Amino acid sequence: MTLEELQARCARFMASVEAADGAHEISHVERVAANVAHLTEKESANAWVTLPAAWLHDCVAVAKDSPWRAQGSKLAAQAAVEFLGEMDYPGELLPEVYHAIEAHSYSAAIPTRTLEAKVVQDGDRLDSLGAIGIARCLLVGGHLNRPLSSPFDPFCDQREPDDSQFTLDHFYAKLLKLPATMQTSAGRAEAENRVQYMRDYLDRLRQEMS
């Protein structure tokens, strides 16, 4: 089995998985896989670990507002290694794939122990930033039926952000902080570039809303 064949089998499997919401469907998985492929090359990571982990990182769908959200990456990691174990995949790499998937999640807060886990985590977080990050944030907010913003302090100037209540608060609670969490040099550089676009968008939105 070649790496290309492995990715194709993972992609077909993911196409059959029902997404938790519109921001986590197959196009998100494809973008994360592309990000991870780029970072794998830049950081000289093991593609036999990073690429299947990227394709399978959301193979168990857990909604953003589910009480099981923090366990979602561990559930996905278990399902992923079971899937890989049923094919001609190197068994000695299964623990590495498991860790890369379990540690990718922001909610899980699991420290990354390997370069490959760092690459997968960074690749997933890049899809939460930039123009696509804005679109996905608003999509999830609509899916959860959350108002766009606080009527009194939309941009969290005088209050702590609460993204369980308002969609724009998610930028301040999490998204704008993501570049500081990036663990590879290539990932960090791209995250800083993307987050500047988000800051510019929020500045323009502030102008229009005022």
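Student: What span should the 18 residues of helix α2 have at 1.5 Å a residue, and how far apart are its end C-alpha atoms?

Tutor: Good place to start, and keep in mind that this is a predicted model. Helix α2 runs over residues 26–43, so at 1.5 Å a residue it should span 26 Å; its end C-alpha atoms are 25 Å apart, which agrees.

Student: Which residues of α2 are buried?

Tutor: First, the general idea. An α-helix has 3.6 residues a turn, so residues three or four places apart point the same way. Now the case here: the buried residues of α2 are H28, V29, V32, A33, N35, V36, L39, T40 and E43. They cover an arc of only 170° around the axis, so they sit on the same side of α2. On the other side of α2, E41 and K42 are exposed.

Student: What do the buried residues of α2 pack against?

Tutor: Their partners are α1, α3, α6 (115–126), α7 (130–143) and α9 (185–209). Look also at S44, just after α2, which takes a positive phi of about 55°.

Student: Let's try α4. How far apart are its end C-alpha atoms?

Tutor: They are 20 Å apart, and this agrees with the 20 Å that the 14 residues of α4 (residues 72–85) should span at 1.5 Å a residue.

Student: And which residues of α4 are buried?

Tutor: G72, S73, A76, A77, A80, V81, F83 and L84 are buried in α4. Seen down the helix axis, these buried residues fall within an arc of 155°, so they line one face of α4. Among the elements that cover them are α1 (3–15), α3 (47–56) and α5 (94–102).

Terms used
Residues are numbered from 1 along each chain as its sequence is written. This is a predicted model: local features need pLDDT of at least 70, side-chain atom pairs count only at pLDDT 80 or more; totals for chains, interfaces and linings use all residues. Side-chain values use heavy atoms; hydrogens and water are left out. Helices (H or I, at least four residues) and strands (E, at least two) are DSSP runs, numbered from the N terminus. The expected span of a helix is 1.5 Å times one less than its number of residues. Buried means under 20% relative accessible area, exposed over 50%, partly exposed in between (1.4 Å probe, protein chains only). The arc is that of the directions from the helix axis to the C-beta atoms. Contact means heavy atoms within 4.5 Å.
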